Amino acid sequence: MKKELISIVCGFMLISAVSSSIVTAEAVQPVSGNVQGSINQNISSNAVLSLKQPWGLTAVSGSNDLIIVQSGSSTISKWSNGELQTVAGQGAEGYIDGKSAKALFNHPTYTAADSKGIIYISDTDNHVIRKIMNGEVYTFAGTGAAGYKDGQPNTAQFNAPGGLAIDSNDNVYVADTLNHVIRKVTPEGIVTTFAGQQGNIGAYLDGSVASAKFNEPVGLVFDETGNLYVADSGNQMIRLIKGNMVETFAGKATTVDPVTGYMAGGFHNGDRLSALFNRPRGLAYADGVLLIADSLNHRVRAIQKDGRVITVAGQGTLGDQVGALDKVMFNQPSGVAFASGKLYVTDTLNNKLKVLSLDLQALKPLRSEGDLLDAVSLLPVGKEMQVWLDGVQVKLNTNNLPLEQSGKIYLPVRALFSAWGADIRWDSASKETMISKGEWILSLKPDASLNVQNIKGTLYVAAEYLPTVSAFMQVYDEDSHATVLESGQ
């Protein structure tokens, strides 16, 4: 039941020959702020859109408007009051400044708006930063040729710029993706290197902003204290620039592919420094929560205040499913923006904008069977059943192997929960086995329904019974002959 991830790449990013289609914006409306909810087919009666590979998006301060970059059509659009309007671009590739309706872009990707409402665009394949102001499109910085040079706006050079973020002084920060650095552009257009070491290939190194190394950084976002988060896509990590230092905020180093130079992507929730991502791109930050378009995992993830990484939506395989949130599917989401209690997601290769109503202070992880299976590296099928708990294989010996009886899978209680780090004791008064870990407590005793049995002196519990009496989730993978459990703790 393992899923195959498919990447469509042109240049450094996913750009594919997906034809434009008329699609409808879809809204995820969770119940009581939880992630268990449903998707409505229409935001409003006039919400019929034509989108072509939407990438970045940003909320315009002081309004309910969203700016959406359509990379596939090289246009900039505005989503306002349920209607999509073209802000700039002719729907063809090129490089022309001037009146918005006459301007041309070349596969732009990300956008940001400053305190004055000026819209900035990373015109990726033109290697420049553009700005839109008073109905005109200007080149803010860059020459139009790929390169690397700091300095004046008309001589500075970028190489496939991606994500943008703007600080409280209206300085524009640029993920200069193929230069593998973060650049800073003043309101006057003066370009400097803010963090990272420029190179033809990416690398990974924490440390001072002058010595740190990135690998195709894409998404950028500031928090309320001025810390800058970076979706370091080639390193499969989220990096943090805090003061003059760069550190790894989420993700961990994996094997580097000698051909691509990318670290191996993966999927794992939990503590942020043990989490795994697969081409994280767009970022959004609100109320202490960092939201991530985890593109090649086809998921939207969140890093909560407690440092835990969870899945907000998505199944891990590409698709375009709507309905209950645990069934929702994306196809390489690239951008996220949070405004007025709603998380907007550009579902890039589905040519759609999707909207999730979220209470960030009451987020609960989306836990699907796909999540459980994607979080472990199942071994080839063998004679004995594999047992996994919270991403770790439980090693069992011949005296306490799993049993299959009457259509149920039984797991040895003491061996299972001891491997998890729980305390197990026998309560002689109630004749129950008491299991505890921190504040989590579970009591088990043999019952007439055979959910718990004492078999040859060993207490066993039916795997399918655990989710009914605890926060555990369980799935059996027939192809690998494996039972996978997740505690929810």
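## A bridge between Asp320 and Lys352

Let's start with one pair of charged residues: Asp320 and Lys352 join their side chains in a salt bridge, with N and O 2.7 Å apart. This pair links distant parts of the chain, since Asp320 sits in the loop between β27 (308-313) and β28 (333-339), while Lys352 belongs to strand β30 (residues 352-357), 32 residues apart. Keep in mind that the model is predicted.

How exposed are the two partners? Asp320 is partly exposed, at 34% relative accessible area. Lys352 has a relative accessibility of 11%, so this residue counts as buried, the cut-off being under 20%.

The pair also has company: Asp320 and Lys352 are linked with Asp347 and Lys354 in a network of salt bridges.

## Glu136 and Lys99

Why can side chains pair up like this? Opposite charges can pair when the charged atoms come close.

Another example is the salt bridge where the side chains of Glu136 and Lys99 meet, at 3.1 Å from N to O. Glu136 is in strand β13 (residues 136-141) and Lys99 is in strand β9 (residues 98-99), so the bridge ties together parts that are 37 residues apart in sequence.

Is each partner buried or exposed? Glu136 counts as buried at 19% relative accessibility, whereas Lys99, at 54%, counts as exposed.

## Arg183 and Asp176

Next up is a salt bridge between Arg183 and Asp176, whose closest N and O atoms are 2.6 Å apart. Here, both Arg183 and Asp176 are buried.

## The overall count

How many salt bridges does the structure hold? There are 14, including the Arg183 and Asp176 pair.

Methods:
Residues are numbered from 1 along each chain as its sequence is written. This is a predicted model: local features need pLDDT of at least 70, side-chain atom pairs count only at pLDDT 80 or more; totals for chains, interfaces and linings use all residues. Side-chain values use heavy atoms; hydrogens and water are left out. A salt bridge is a side-chain nitrogen of Lys or Arg within 4 Å of a carboxyl oxygen of Asp or Glu. Helices (H or I, at least four residues) and strands (E, at least two) are DSSP runs, numbered from the N terminus. Buried means under 20% relative accessible area, exposed over 50%, partly exposed in between (1.4 Å probe, protein chains only).
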